[in-house]
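Here is a protein model with its ligands, put up for a short round of questions. Each answer works its way to a name or a value.

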Amino acid sequence: MKPIIILAIESSCDETSASICADGKILSNFIANQTIHEKYGGVVPELASRAHMQNIVPVVNAALSSSNQNLSSVSAIAFTQAPGLIGSLLVGAQFAKSLALSLNKPLITVHHMQAHVLANLIDENNKPEFPFLCLTVSGGHTQIVLVKSPLELEVIGETIDDAAGEAFDKTAKLLGLPYPGGPLIDKYAKEGNPLAFKFAEPQIPELNFSFSGLKTSVLYFLQKQEASFIENNLNDLCASIQHAIINILMKKIKLAVKQTGIKNVCIAGGVSANSSLRNTLNEHGIKYGWKTFIPKFEYCTDNAAMIAITAYYKYLANDFSELNVSPTAKATW
Ligand code: KG4
Ligand code: ZN
């Protein structure tokens with residue numbers, strides 16, 4: 001039988017990515033990162049859209065040629081439909097729709113947050129059985145998702161204010177670090193003491209999260225210190241902030257396991273690239289008898305491979321879209 005070949009495109013924020021998957025196996029995954037935003041301390045939407053316009057053709061070509069595929073061998077075209085920056089989403093959506101129209105191939109829309117979760121299904125030799133819990137931690141979202149099947153997902157907890165990635169990026173900014181600060185906090189924290197400083201802990205009921213108080217607590221703490229304090233204590237500050245964020249996340253995932261009785265636990269999203277979160281999840285797995293799963297590093301931050309794997313399951317379920325579909329910045333499940 002002919003393999004199901006998906007060409008997937010991701011352009012929801014500041015990474016332009018294209019991936020090819022054949023029968024659920026990722027053959028290629030190309031990502032063009034946009035460094036232009038670093039000096040602005042955050043993603044500038046207009047600049048992101050323009051960079052996507054420049055990157056999309058080379059990235060799609062690279063994904064096709066490195067997987068020895070061509071446009072005629074593709075079974076369907078998939079793209080991230082929501083959520084994200086609307087100007088960025090429009091570039092990927094319009095490109096995918098034009099390809100589907102000109103090639104007369106089916107079109108598949110993908111929810112970016114569902115795709116982060118399903119990144120855990122990419123590795124055939126190490127993937128969770130259903131049902132599983134996924135702590136999805138990205139720059140825009142923090143959710144606990146109960147996953148009954150690839151297409152049956154329920155958000156059972158989420159942040160009421162900032163996302164975990166924002167907590168990393170905003171506190172990093174207070175420390176004078178460039179955007180995105182998450183990977184830098186991770187790096188400096190490796191040399192620091194996580195118990196050096198203590199910050200306010202949120203008291204949020206059930207499975208929801210809050211991170212804005214942590215940012216304020218770090219801000220007030222720093223305002224009381226001398227000018228050279230950050231420079232002299234950067235490693236300890238990073239380690240303590242990271243420890244506080246991971247503590248908040250792990251408390252809630254522990255509660256979710258208790259409430260649902262589900263012991264297959266995954267993490268996903270950009271913050272799941274954090275080395276200490278990865279270690280802490282695995283330690284919890286050993287301590288509490290959970291089976292833990294973490295996507296490979298390159299499938300944690302935004303990438304089109306996760307869009308491709310999600311689209312593959314939607315293809316199997318005949319879940320195709322009309323050509324008049326539009327992207328949306330916000331999206332509920
Ligand atoms: O999933 P993602 O690439 O984009 C969104 O969908 O938002 O997540 C980006 C977020 C940023 O906040 C970034 O700082 C954070 O993931 N991040 C990290 C690390 N790598 C990326 N945070 C902490 N430690 C890391 N190693
Ligand atoms: Zn993302």
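Q: How far does a polar side-chain atom of His116 lie from an oxygen atom of ligand 1?
A: The model is predicted, and a polar contact here needs N or O atoms within 3.5 Å. The His116 pair joins a polar side-chain atom to an oxygen atom of ligand 1. Its separation is 3.1 Å.

Q: Which residue places a polar side-chain atom 3.0 Å from a nitrogen atom of ligand 1?
A: An oxygen atom of ligand 1 is 3.4 Å from Gly140, but that partner is a polar backbone atom. The nitrogen atom of ligand 1 has a side-chain partner at 3.0 Å. That side chain belongs to Asn274.

Q: What share of the accessible area of ligand 1 does the protein cover?
A: On its own, ligand 1 has 550 Å² of accessible area. In the shell around it are 19 residues, with Gly139, Asp169, Asp186, Gly270 and Asp302 the closest. The protein covers 90%.

Q: How many residues of the shell around ligand 1 are polar?
A: The shell splits by class. Five residues are nonpolar and three are charged. The polar ones number 11.

Q: Which helices each supply at least two residues of the shell around ligand 1?
A: The shell draws on domain 1 (5-117 + 300-316) and on domain 2 (126-294), so ligand 1 lies between them. Three helices each supply at least two residues. They are helix 3 (112-118), helix 4 (164-174) and helix 5 (182-189).

Q: Which residues are the protein donors of the zinc ion (ligand 2)?
A: The protein donors lie 2.0 to 2.1 Å from the zinc ion. Their sequence spacing is H-x3-H-x185-D. The two histidines each use NE2, and the aspartate uses OD. The donors are His112, His116 and Asp302.

Q: How many residues apart are His116 and Asp302?
A: Both zinc donors are buried. His116 sits in helix 3, while Asp302 is in the loop between strand 10 (291-293) and helix 9 (305-316). The pair thus links distant parts of the chain. The separation is 186 residues.

Q: Is Thr142 buried or exposed?
A: Thr142 lies in strand 7 (residues 142-149). A polar atom of its side chain is 2.7 Å from the backbone nitrogen of Ala164. The relative accessible area of Thr142 is 1%, and the cut-off for buried is under 20%. Therefore Thr142 counts as buried.

Q: Which residues does a cis peptide bond join, with Pro131 as one of them?
A: Most peptide bonds are trans. Pro131 is in the loop between helix 3 and strand 6 (132-137), and its cis bond has omega of about -10°. The bond joins Phe130 and Pro131.

Q: What is omega for the cis peptide bond of Tyr179 and Pro180?
A: Pro180 is placed in the loop between helix 4 and helix 5. A cis bond joins Tyr179 to Pro180. Omega is about -10°.

Q: What is phi of Asn318?
A: Most residues other than glycine have a negative phi. Asn318 is not a glycine, yet its phi is positive. Asn318 is in the segment after helix 9 and is exposed, at 59% relative accessibility. Its phi is about 55°.

Q: Where does Asp23 lie?
A: Asp23 has a positive phi, near 50°. Its relative accessible area is 43%, so Asp23 counts as partly exposed. Its place is the loop between strand 2 (15-22) and strand 3 (25-33).

Technical notes:
Residues are numbered from 1 along each chain as its sequence is written. Chains are lettered from A and ligands numbered from 1 in the order in which they are written. This is a predicted model: local features need pLDDT of at least 70, side-chain atom pairs count only at pLDDT 80 or more; totals for chains, interfaces and linings use all residues. Side-chain values use heavy atoms; hydrogens and water are left out. A residue is near a molecule or strand if one of its heavy atoms lies within 4 Å of it. A polar contact is a pair of N or O atoms within 3.5 Å; within protein, one must be able to donate a hydrogen and the other to accept it, and residues adjacent in sequence count only if both atoms are side-chain atoms. Accessible areas come from the Shrake-Rupley method with a 1.4 Å probe; for residues, only the protein chains shown count as cover. Helices (H or I, at least four residues) and strands (E, at least two) are DSSP runs, numbered from the N terminus. Ala, Val, Leu, Ile, Met, Phe, Trp, Tyr, Cys and Pro count as nonpolar, Asp, Glu, Lys and Arg as charged, and the others, Gly among them, as polar. Domain bounds come from an automatic or database domain assignment. Donors are N, O and S atoms within 2.8 Å of the metal (3.2 Å for Na, K and Ca); water is not among the atoms, so sites may look incomplete. Buried means under 20% relative accessible area, exposed over 50%, partly exposed in between (1.4 Å probe, protein chains only).
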